[in-house]
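Take a look at the model below. Read the overall shape first, then the contacts between side chains.

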Amino acid sequence: MEHMPVFVKVEDYQEVLNLIRLARNKLDEAKETLNKVNELKNEEDHQLEQWHNNLTEVEKKIDFVEHSLNEPENY
């Protein structure tokens with residue numbers, strides 16, 4: 001396959017460069033937004049894990065109290 005030179009009007013060339021810059025800016029904005037969403041998701045995951053741990057701890061305490069009340073020690 002033979003490579004042939006391509007001729008483009010200067011106005012068209014500038015327009016293409018401007019479109020590429022615009023596309024690059026939009027891509028950068030999308031990456032930044034995605035990073036922010038990822039940070040929020042990580043924060044949310046951390047909070048959910050803490051809630052789960054707190055609920056597990058409360059459940060253990062309730063189980064202990066319930067067990068203590070249902071089977072009192074013999075004196």
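Where do K26 and E29 lie, and how many residues apart are they? Both are in helix α1, three residues apart, which is about one turn of the helix. Keep in mind that this is a predicted model.

## Overall form

The protein has one helix and zero strands. Its radius of gyration is 32 Å, whereas the globule rule gives 11 Å for 75 residues, so the protein is more spread out than a compact globule. Along the principal axes, the C-alpha atoms fill a box of roughly 100 × 30 × 10 Å.

What share of the 75 residues is buried? The figure is 0%. The accessible surface comes to about 8000 Å². Carbon and sulfur atoms account for 58% of that surface.

## Charges and salt bridges

The protein carries 9 positive and 18 negative charges. The mean positions of the two sets are 11 Å apart.

How many salt bridges does a search of the whole structure find? It finds three. The table gives the closest N and O atoms for each pair.

| Positive residue | Negative residue | Closest N–O distance |
|---|---|---|
| K26 | E29 | 3.9 Å |
| K36 | E32 | 3.6 Å |
| K41 | D45 | 2.8 Å |

The spacing along the chain is worth a look. K36 and E32 both lie in helix α1, four residues apart, about one turn of the helix. K41 and D45 are also in helix α1. They are separated by about one helical turn because they are four residues apart in that helix.

Are these side chains buried or exposed? Partly exposed means between 20% and 50% relative accessible area. K26 has 48% relative accessibility, so K26 counts as partly exposed. Its partner E29, at 44%, is partly exposed too. In the next pair, K36 is partly exposed at 49%, and E32 is partly exposed at 46%. K41 has 45% relative accessibility and is partly exposed. D45, at 33%, also counts as partly exposed.

## A nonpolar patch

Which residues form a nonpolar patch on the surface? They are V6, V8 and Y13. Together they have about 330 Å² of accessible area. V6 sits in the segment before α1, the helix that covers residues 10-70. Why does V6 count as exposed? Exposed means over 50% relative accessible area, and V6 counts as exposed because its relative accessibility is 69%.

How values were computed: Residues are numbered from 1 along each chain as its sequence is written. This is a predicted model: local features need pLDDT of at least 70, side-chain atom pairs count only at pLDDT 80 or more; totals for chains, interfaces and linings use all residues. Side-chain values use heavy atoms; hydrogens and water are left out. Helices (H or I, at least four residues) and strands (E, at least two) are DSSP runs, numbered from the N terminus. The radius of gyration is taken over C-alpha atoms; the globule rule is 2.2 Å times the number of residues to the power 0.38. Buried means under 20% relative accessible area, exposed over 50%, partly exposed in between (1.4 Å probe, protein chains only). Accessible areas come from the Shrake-Rupley method with a 1.4 Å probe; for residues, only the protein chains shown count as cover. Lys and Arg count as positive and Asp and Glu as negative; His and the chain ends are not counted. The place of a charge is taken as NZ of Lys, CZ of Arg, CG of Asp or CD of Glu. Patches are made of residues with over 30% relative accessible area and no salt bridge: like charges are joined within 9 Å, nonpolar side chains (Val, Leu, Ile, Met, Phe, Trp, Tyr) within 5 Å. A salt bridge is a side-chain nitrogen of Lys or Arg within 4 Å of a carboxyl oxygen of Asp or Glu.
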